[in-house]
Amino acid sequence: MTKGFSSQSKRNLPRIAILLLLLVIFFATYQKNCVSNKNCNASKKFQLAKNDLPDLMTISSVLHSPLPHYNLMEETSGFRKSAKQTSYSNKCGLDYMNANKMEQDHPCVIETIRQFFLHKPPPSNVPLKLDSNDAGNRSPGQTAVIMRLLKNQTKGFFVECGALDGEYMSNTIDLERKFGWNGILIEANPVTFKKLSARHRKAWTLPVCLSLEPFPTKVTFQMKVGDPGHSHIEGESETLQEPGIPGVDPNLIEVQCFPFYSILLAVGVTQVDFLSLDVEGHELKILKTIPWRKLDIKTLTVEWDHIPEGQMALSSFMEANGFVKIGAFDFLWSKDVIFVQNQSISIG
């Protein structure tokens with residue numbers, strides 16, 4: 001019987017030490033994860049079964065193999081992204097979501113809106129910056145009808161698409177400054193949106209258009225610098241594109257569009273007291289993208305005179321989705337139909 005360690009045993013000591021260290025790290029990591037995991041209970045405690053013990057061949061292989069190089073950051077759960085997560089983050093871009101027609105409630109769509117397009121309201125102590133501070137109504141008449149229906153409701157939530165500069169012909173500025181409302185303002189014309197941003201409206205603002213499909217799209221947009229109130233997506237409003245109409249731009253731009261529902265999810269709301277929709281001919285297509293059962297919209301005013309399908313098609317669609325037509329109004333510079341959600345408001 002030989003006393004002490006043989007030279008071979010001495011050479012194996014570093015490998016034995018490494019093996020023991022790895023076992024200690026494994027047990028410590030597991031115990032930490034178990035403590036932090038709410039689903040880890042006494043019945044799920046790790047038990048090293050007999051079959052889990054390394055056999056002699058495995059030990060021998062470890063002892064006689066070259067010393068391994070371990071990256072403990074990669075071996076510890078939570079430090080390394082999975083291949084699926086990495087692939088997802090790489091593909092979450094405008095071109096990818098447009099080309100692949102991502103669903104309007106897809107997390108990638110919602111986060112893209114939040115990070116790159118959604119502008120937060122200014123602090124409450126920042127005053128409005130209007131061209132005129134007189135108390136006169138800015139709306140051509142839609143706001144007065146809506147407030148009669150809502151009985152001068154205060155602290156409501158609006159969405160205005162086709163918001164222009166946030167003051168001129170605005171259907172929501174008086175709701176904000178006279179009744180304490182806030183909401184969302186959407187304006188696709190980049191020149192007009194710059195003016196809107198300078199107003200310090202107490203609302204979320206976005207320089208995008210509403211998609212005509214239930215997924216994000218990029219479209220060609222006619223700015224009409226001389227007549228921004230008639231700027232619009234190309235392709236539908238043929239009467240606005242006839243030769244000789246002032247303000248028609250020879251150069252078009254591309255604008256990113258998102259579904260109405262996607263924008264609401266990005267802000268974190270599903271209840272809207274008043275929706276004002278004026279987009280020069282695309283109103284019905286936009287309304288058809290909305291999952292009405294997932295939202296609670298009380299009242300709407302929708303410009304109809306540029307819709308190719310006509311007023312009857314608009315009214316039939318809204319009535320099929322639970323709305324009552326209050327009437328068709330010939331306001332100054334616009335012809336609108338006003339709808340109320342059935343049974344949400346007592347009329348009279």
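# Exercises on a predicted model

Val324 is found in strand 10; strands (E, at least two residues) and helices (H or I, at least four) are DSSP runs, numbered from the N terminus. The structure is a predicted model, in which local features need pLDDT of at least 70 and side-chain atom pairs count only at pLDDT 80 or more, while totals for chains, interfaces and linings use all residues. Residues are numbered from 1 along each chain as its sequence is written, and side-chain values use heavy atoms, with hydrogens and water left out.

## Exercise 1. Val324

Determine how Val324 is exposed and which residues it touches.

Solution. Step 1: residues count as buried under 20% relative accessible area, exposed over 50%, and partly exposed in between (1.4 Å probe, protein chains only). Val324 has 31% relative accessibility and therefore counts as partly exposed.

Step 2: contact means heavy atoms within 4.5 Å. Not counting residues up to four places away in sequence, Val324 touches Ile338, Phe339, Val340 and Asn342.

Step 3: Gln341 lies 17 residues from Val324 along the chain, and their C-alpha atoms are separated by 6.1 Å.

## Exercise 2. The sheet

State the order of the strands in the open sheet and identify its edge strands.

Solution. Step 1: two strands pair if DSSP finds at least two bridges between them. The open sheet has 7 strands in the order 3-2-1-8-9-11-10, with mixed pairing.

Step 2: strand 3 (203-206) and strand 10 (323-331) are the edge strands, each pairing on one side only.

Step 3: from one strand to the next, the twist averages 15°.

Step 4: the individual pairs can now be listed.

- Strand 1 (residues 157-161) and strand 2 (residues 182-186) run parallel and are joined by 5 bridges; Val159 has Ile184 as its bridge partner in strand 2.
- Strand 8 pairs with strand 9 in the parallel sense over 6 bridges, and the bridge partner of Phe274 in strand 9 is Thr299.
- Strand 9 and strand 11 (residues 334-341) run antiparallel, with 5 bridges between them; here Thr299 has Val340 as its bridge partner in strand 11.

Step 5: helix 10 (residues 260-267) lies across strand 1, strand 2, strand 3, strand 8 (271-277) and strand 9 (296-303), and runs at about 135° to strand 2. Axes are lines fitted to C-alpha atoms, for helices over the stretch in contact, and angles run from 0 to 180 degrees between N-to-C directions.

## Exercise 3. Thr301

Describe the surroundings of Thr301 in strand 9.

Solution. Step 1: strand 9 is mostly covered, with 6 of its 8 residues buried. Thr301 counts as buried because its relative accessibility is 0%.

Step 2: a polar contact is a pair of N or O atoms within 3.5 Å; within protein, one must be able to donate a hydrogen and the other to accept it, and residues adjacent in sequence count only if both atoms are side-chain atoms. The side chains of Thr301 and Asp336 make such a contact at 2.8 Å.

Step 3: leaving aside neighbours within four places in sequence, the residues in contact with Thr301 include Gln142, Asn171, Phe274 and Val337.

Step 4: Gln142 is one of the buried residues of helix 7. In helix 7, 6 of the 8 residues are buried, and these pack against helix 8 (173-179), strand 8, strand 9, strand 10 and strand 11.

Step 5: just after helix 7, Lys151 takes a positive phi of about 55°.

## Exercise 4. Aromatic pairs

Classify the aromatic pairs and locate their members.

Solution. Step 1: rings of Phe, Tyr and Trp (its six-membered ring) pair if their centres lie within 6.5 Å; planes under 30 degrees apart count as stacked, over 60 as edge-to-face and the rest as tilted. The count by this rule comes to 2 aromatic pairs.

Step 2: Phe117 and Phe258 have ring centres 5.2 Å apart and planes at 65°, so this pair is edge-to-face. Phe117 lies in the loop between helix 6 (107-116) and helix 7 (142-149) and Phe258 in strand 7 (residues 253-258), so the pair ties together parts 141 residues apart in sequence. Both Phe117 and Phe258 are buried.

Step 3: the rings of Trp292 and Phe323 have centres 5.3 Å apart and planes at 70°, so this pair is also edge-to-face. Trp292 lies in the loop between helix 11 (283-287) and strand 9, and Phe323 in strand 10, so parts 31 residues apart in sequence are tied together.

Step 4: Trp292 counts as buried at 11% relative accessibility, and Phe323 is buried with a relative accessible area of 6%.
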